[in-house]
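I opened this entry to keep a record of what I looked up, in the order in which I looked it up.

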Amino acid sequence: MNTMDDQEHIHMMHIASLDIADLFIQTLHSNNVGTQDQLDHLLEAKSVRRAIPKGDDGKRYGHAEYHKAMQGEL
């Protein structure tokens with residue numbers, strides 16, 4: 001069972017993953033996309049999601065919101 005500190009930590013990782021997703025989408029769709037290395041680094045940064053444990057349903061905390069962020073819908 002997760003403690004309150006664990007839940008807060010998971011929530012903070014989720015917020016960070018949303019910020020990274022937003023930055024990735026903005027970079028990808030901007031007129032000045034940058035280098036492939038920059039996009040690759042952002043893709044690597046997205047791996048913060050893997051640190052979020054899966055729930056009983058097999059999905060990570062905030063999965064639906066993260067999916068929308070990666071589609072540029074947030």
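I began with the term that the fold description depends on: a helix here is a DSSP run of H or I with at least four residues, a strand is a run of E with at least two, and the elements are numbered from the N terminus. With that settled, I read the order of elements from the N terminus on as α-α-α, and I counted three helices and zero strands in the chain.

Before going further I noted that this is a predicted model, and I checked its confidence. The mean pLDDT of the chain is 86, with 89% of the residues at 70 or more. Taking the elements one by one, I found the lowest mean pLDDT, 81, in α2, and the highest, 93, in α3. I kept in mind that predicted coordinates should not be read in detail where pLDDT is low.

Next I looked up burial and surface for the chain as a whole. Of its 74 residues, 23% count as buried, and the chain exposes about 5400 Å², of which carbon and sulfur atoms supply 52%. I also looked at how contacts are spread along the sequence: among those between residues at least 6 apart, 54% join residues at least 24 apart.

Which residues make up the largest nonpolar core? I listed nine, namely Leu18, Ala21, Phe24, Ile25, Leu39, Leu42, Tyr66, Ala69 and Met70. I then assigned them to elements, and found that α1 (4-29), α2 (36-45) and α3 (63-70) each supply at least two residues of this core. The largest share, four residues, comes from α1.

I turned to α3 on its own, where the buried residues are Tyr66, Ala69 and Met70. Viewed down the axis of α3, these buried residues fall within an arc of 95°, so they line one face of the helix. For the background I noted that an α-helix has 3.6 residues a turn, so residues three or four places apart point the same way. At the end of this stretch I looked at what comes after the helix: α3 is followed by Gly72, whose phi is positive, near 75°.

My last look was at Ile10, which has its place in helix α1. Is Ile10 buried or exposed? Its relative accessible area is 8%, and because the cut-off for buried is under 20%, I entered Ile10 as buried. I also recorded its separation from Gly62, 52 residues away along the chain: the C-alpha atoms of Ile10 and Gly62 are separated by 9.6 Å.

Note on methods: Residues numbered from 1 in each chain as written. Predicted model: local features only at pLDDT ≥ 70, side-chain atom pairs only at ≥ 80, totals over all residues. Heavy atoms only, no water. Core = buried A, V, L, I, M, F, W, Y, C linked by side-chain atoms within 4.5 Å. Buried < 20%, exposed > 50% of the residue type's maximum accessible area, 1.4 Å probe, protein only. Arc of directions from axis to C-beta. Contact = heavy atoms within 4.5 Å. Areas by Shrake-Rupley, 256 points an atom, 1.4 Å probe, with all protein chains shown as cover. pLDDT = per-residue confidence, 0-100.
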